[in-house]
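Work through the exercises below with the model open. Each task is followed by a stepwise solution.

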Amino acid sequence: MTDYESVIGLETHVQLKTKSKMWCGCANEFGAEPNTHVCPVCLGLPGVLPVANEEALRLTALTGLLLNCTVSRVAKFDRKNYFYPDVPKNYQITQYARPSTANGYLDFEFSGGIARVRITRAHLEEDVGKNFHFERTSGVDFNRAGVPLLEIVSEPDITSADMAHAYLSGLKEVLMYGGVSDCDMEKGMVRCDVNVSVRPSGTQELGAKIEIKNMNSFSGVRRALEYEIPRQIAVLENGGKLVQSTRRWDDVAGVTEEMRTKEHAHDYRYFPEPDLMPFEPTDEWLAEVKKRMVELPLARKQRFMRDYQLPAADAQTFVWDLPLGDYFENVARQSRNPKAVANWIINNLRAKLGETPTALADLKFKPEGILELIGLVESKRISSSIAQQVFSEMFETGESPTAIVQKKGLAQVSDAGAIEQFCDEVIAANPGPVSDFRNGKAAALNYLKGQVMKLSKGKADPAVVGEILEQKAKG
Ligand SMILES: [Zn+2]
């Protein structure tokens with residue numbers, strides 16, 4: 001039996017985060033009543049002229065930089081002609097021969113390491129409207145027509161369904177980080193065409209390329225590939241032949257179906273858009289875009305793991321929650337124990353922020369409060385369970401941990417005399433567990449220890465309690 005490998009490339013369409021559409025002043029806004037964000041330009045009425053949205057051009061260049069691409073000094077717009085009800089002009093303005101940016105790569109986490117997929121190009125185009133099919137009629141909503149769309153084309157460097165999923169997740173993270181797109185899948189802001197072929201392992205010649213069109217979820221892409229790759233292999237194994245074709249994914253049935261083969265493929269008759277000048281960014285313009293560069297999520301994660309010795313899961317939390325990560329850094333820079341800082345911020349602060357309407361920017365306590373709290377625990381002035389109480393109080397009132405401990409008398413009791421008293425009381429009140437312990441049931445001691453802690457209202461030093469209690473309980 002022959003082993004096969006799959007060769008996958010993705011074309012990802014992403015709606016850019018601009019206030020207005022690509023060629024007109026209509027709002028780029030999701031969820032409005034149908035055909036309320038339209039004008040003669042985006043409806044393709046005769047006699048109108050497009051004016052390029054400069055922010056969309058900036059976001060395209062920024063994406064190029066984030067994806068390690070070259071930003072072209074000359075970008076041109078072309079018309080891609082096709083007749084379809086949701087394309088009001090009967091052509092789409094896109095960048096064909098001279099895209100804004102090309103030749104980059106994306107690094108992302110995959111299978112316990114870092115994978116790299118090369119980016120062929122990222123070019124600017126416009127979105128189309130949306131067709132709705134009712135029982136007896138169909139309708140078109142043109143609110144989305146003319147919304148700026150970035151098409152990010154990858155090289156066929158992806159080798160599995162899981163890798164495709166990881167690439168898309170990594171790409172989404174970069175685009176959201178850069179403020180390029182909100183990437184809201186529910187709102188259709190990211191769509192994907194998948195090109196996949198198979199070939200005997202180790203061979204160089206590419207198999208017939210099969211395209212799966214219009215995927216709107218990353219999990220759908222994975223499932224479609226998990227179906228399509230074995231399907232193609234089975235065809236070849238049975239002596240069949242694959243032809244270049246376009247298929248659609250039926251999410252409910254979980255299968256891909258053929259839409260058209262190469263013979264019927266579109267001929268788009270591209271030609272230069274005569275109403276738009278080529279775009280030639282100046283040095284100053286590019287310098288402005290460069291200022292908007294951000295640290296990439298993967299780099300941030302690696303830096304947090306390296307500089308603060310955080311485990312991957314903690315670092316990932318601070319990648320997803322950017323403001324929380326920045327807050328952590330601000331505190332951790334001043335601490336010898338960044339892991340403890342991360343624990344307080346992830347386990348306590350984040351939970352409190354989730355429970356209350358408080359925003360990170362409106363915290364009552366100073367960031368140094370966390371350092372102080374950690375210091376109180378490390379110096380054994382308070383136990384870690386009391387520290388939880390102190391944190392809550394600090395969160396509510398903004399008072400410093402030291403002040404709270406003093407005011408409420410929460411300082412840890414390490415004094416052997418006081419702890420002995422607590423132990424005597426607990427032993428007298430719990431003859432059952434005491435005799436269990438004497439009969440070799442070690443767990444009974446933990447129960448007794450819990451009772452002592454309770455009696456001391458959590459203030460007793462647990463280590464001292466353990467020692468004294470064990471001696472006393474042995475009798
Ligand atoms: Zn418009």
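**Exercise 1. Strand S9 and its partners**

How many bridges join strand S6 to S9, and do they run parallel or antiparallel?

Solution. The model is predicted, so read what follows as properties of a prediction.

Step 1. Locate strand S6 at residues 113–126. Seven bridges join S6 to S9, and the two run antiparallel.

Step 2. Fix the register. Ala122 has Ile152 as its bridge partner in S9.

Step 3. Turn to strand S1, residues 4–15. S1 is joined to S9 by five bridges, and this pair also runs antiparallel. Here Gln15 has Leu149 as its bridge partner in S9.

Step 4. Check burial along S9, residues 148–154. Seven of its seven residues are buried. On one side these are Pro148, Leu150, Ile152 and Ser154. On the other side they are Leu149, Glu151 and Val153. Both faces of S9 are therefore covered, since buried means under 20% relative accessible area.

**Exercise 2. Two further strand pairings and a hairpin**

Find which strands S11 pairs with, and give the sense of each pairing.

Solution. Step 1. Strand S10 (residues 190–200) and strand S11 (residues 210–215) run antiparallel, joined by four bridges. Val194 is matched with Ile212 in S11.

Step 2. S11 also pairs with strand S12 (residues 245–250), over four bridges in the parallel sense. Lys213 is matched with Arg248 in S12.

Step 3. Compare a hairpin elsewhere. Strand S7 (residues 130–133) and strand S8 (residues 138–141) are antiparallel, with four bridges between them. The hairpin that joins S7 to S8 passes through four residues. Lys130 has Asp141 as its bridge partner in S8.

**Exercise 3. Overall dimensions**

Why does the protein count as more spread out than a compact globule?

Solution. Step 1. Take stock of the elements: 15 helices and 14 strands.

Step 2. Compare the radius of gyration with the rule. The value is 31 Å, well over the 23 Å that the globule rule gives for 475 residues, so the protein is more spread out than a compact globule.

Step 3. Look at the box. Along the principal axes, the C-alpha atoms fill roughly 95 × 60 × 50 Å.

Step 4. Add burial and contacts. Of the 475 residues, 46% count as buried. Among contacts with a separation of 6 or more, 68% are between residues 24 or more positions apart.

**Exercise 4. Enclosed cavities**

Identify the residues that line each of the two cavities, and sort them by class.

Solution. Step 1. Count. There are two cavities of 30 Å³ or more.

Step 2. Take the largest, with a volume of about 70 Å³. Its lining includes Cys42, Asp86, Lys89, Glu126 and Asp127. By class, the lining has six nonpolar, two polar and four charged residues.

Step 3. Take the second largest, at about 40 Å³. Its lining includes Leu57, Val71, Ser72, Ser100, Phe279 and Trp285. Here the classes are seven nonpolar, two polar and no charged residues.

**Exercise 5. The second largest pocket and helix H6**

Which elements each supply at least two residues of the lining of the second largest pocket?

Solution. Step 1. Start with the volume of this pocket, about 330 Å³. There are 20 lining residues, and the closest to the pocket centre are Asp107, Phe108, Glu109, Glu173 and Leu298.

Step 2. Assign the lining to elements. Strand S5 (101–110), helix H2 (161–177), helix H5 (297–307) and helix H6 (312–320) each supply at least two residues.

Step 3. Classify. The lining divides into 12 nonpolar, four polar and four charged residues.

Step 4. Follow H6 into its surroundings. Its buried residues are Asp314, Ala315, Gln316, Thr317, Phe318 and Val319. Their cover includes S5, H2, H5, helix H7 (322–332) and H8.

**Exercise 6. One loop residue**

Is Ala361 buried or exposed?

Solution. Step 1. Place Ala361 in the loop between helix H8 (338–355) and helix H9 (368–378).

Step 2. Apply the cut-off. Exposed means over 50%, and Ala361 has 76% relative accessibility, so this residue counts as exposed.

Step 3. Check one distance. The C-alpha atoms of Ala361 and Pro323 are 9.0 Å apart, with their positions 38 residues apart along the chain.

Methods. Residues are numbered from 1 along each chain as its sequence is written. This is a predicted model: local features need pLDDT of at least 70, side-chain atom pairs count only at pLDDT 80 or more; totals for chains, interfaces and linings use all residues. Side-chain values use heavy atoms; hydrogens and water are left out. On a 1 Å grid over the protein atoms alone, a cavity is a set of points where a 1.4 Å probe fits but cannot get out, and a pocket is an open set with protein on both sides within 12 Å along at least five of seven lines; lining residues have an atom within 4 Å of a point. Grid points are joined across faces, edges and corners, and a volume is the space filled by probe spheres set on the points. Ala, Val, Leu, Ile, Met, Phe, Trp, Tyr, Cys and Pro count as nonpolar, Asp, Glu, Lys and Arg as charged, and the others, Gly among them, as polar. Two strands pair if DSSP finds at least two bridges between them. The radius of gyration is taken over C-alpha atoms; the globule rule is 2.2 Å times the number of residues to the power 0.38. Buried means under 20% relative accessible area, exposed over 50%, partly exposed in between (1.4 Å probe, protein chains only). Contact means heavy atoms within 4.5 Å.
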